[in-house]
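Thank you all for coming. I would like to walk through one structure this morning, going slowly from the whole chain down to single residues, so please keep the picture in view while I talk.

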Amino acid sequence: PCDRQLVRFNNCLFALSCICNCLADITKIELLHRGADCLHCISHLVYMTVAGCMLAQAWNEVDFRQRGVTAVQMERMSLVQNPKPSAPPMP
């Protein structure tokens, strides 16, 4: 579920960047051009970060399947804790 939200956020950033760029071209305001450029850079950084995370996730899944692991192995836990040896008494 989180992947979809990240992709949606990224798409919103690109759309906002495009809208700001259009407004900057129409109004010819230099400050708006700079803001649009900053938003464009930020949207690309978010895109590269999300793409990197998705690639790492896909790579991990492919590696998991190639190892042939069918299920996660469960370890049996004991309710009895092994007591730690006590320290020698202080003089």
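The protein chain exposes about 8,600 Å², and carbon and sulfur atoms supply 65% of that area. Please keep in mind that what you see is a predicted model. Of the 91 residues in the protein chain, 11% count as buried, and the chain holds two helices and zero strands.

Let me begin with helix 1. This helix has 26 residues and reaches 37 Å from its first C-alpha to its last, which is close to the 38 Å expected at 1.5 Å a residue. Just after helix 1 comes Lys28, and the phi of Lys28 is positive, near 60 degrees.

Which residues of helix 1 are buried? They are Asn10, Leu13, Ser17, Cys20 and Ala24, and what covers the buried residues of this helix includes helix 2.

I would like to stay with Asn10 for a moment, which sits in helix 1, the stretch made of residues 2-27. Asn10 has a relative accessible area of 6%, and because the cut-off for buried is under 20%, Asn10 counts as buried. If we leave aside the neighbours within four places in sequence, Asn10 is in contact with Ser43, Val46 and Tyr47.

Now let us look from the other side, starting with Ser43, which is found in helix 2. Is Ser43 buried or exposed? Its relative accessible area is 0%, so Ser43 is buried. Not counting residues up to four places away in sequence, Ser43 touches Asn10, Leu13, Phe14 and Ser17. Val46, with neighbours within four places in sequence again left aside, is in contact with Phe9, Asn10 and Leu13.

That brings us to the nonpolar residues. As general background, in soluble globular proteins nonpolar side chains tend to be buried together. In this model the largest nonpolar core has six residues, namely Leu13, Cys20, Ala36, Leu39, Val46 and Val50. Helix 1 and helix 2 each supply at least two residues of this core, and the largest share, four residues, comes from helix 2. You will notice that Leu13, which belongs to this core, is also among the residues touched by Ser43.

Finally, let me turn to the charged residues. In general, side chains of opposite charge can pair when their charged atoms come close. How many salt bridges does the model contain? The count comes to two.

One of the salt bridges joins Arg34 and Glu30, with the closest N and O atoms 3.9 Å apart. Both Arg34 and Glu30 lie in helix 2, which covers residues 30-66, and they are four residues apart, about one turn of the helix. Arg34 has a relative accessibility of 53%, and because exposed means over 50%, Arg34 counts as exposed. Glu30, by contrast, has a relative accessibility of 49%, so Glu30 counts as partly exposed.

Asp63 also forms a salt bridge, in this case with Arg67, and there the closest N and O atoms are 3.8 Å apart. Asp63 is partly exposed, with a relative accessible area of 34%.

To close, I would ask you to go back to the picture and find Asn10 in helix 1, then trace its contacts to Ser43, Val46 and Tyr47.

How values were computed
Residues are numbered from 1 along each chain as its sequence is written. This is a predicted model: local features need pLDDT of at least 70, side-chain atom pairs count only at pLDDT 80 or more; totals for chains, interfaces and linings use all residues. Side-chain values use heavy atoms; hydrogens and water are left out. Buried means under 20% relative accessible area, exposed over 50%, partly exposed in between (1.4 Å probe, protein chains only). Contact means heavy atoms within 4.5 Å. A salt bridge is a side-chain nitrogen of Lys or Arg within 4 Å of a carboxyl oxygen of Asp or Glu. A nonpolar core is a set of buried Ala, Val, Leu, Ile, Met, Phe, Trp, Tyr and Cys residues joined through side-chain atoms within 4.5 Å. Accessible areas come from the Shrake-Rupley method with a 1.4 Å probe; for residues, only the protein chains shown count as cover. The expected span of a helix is 1.5 Å times one less than its number of residues.
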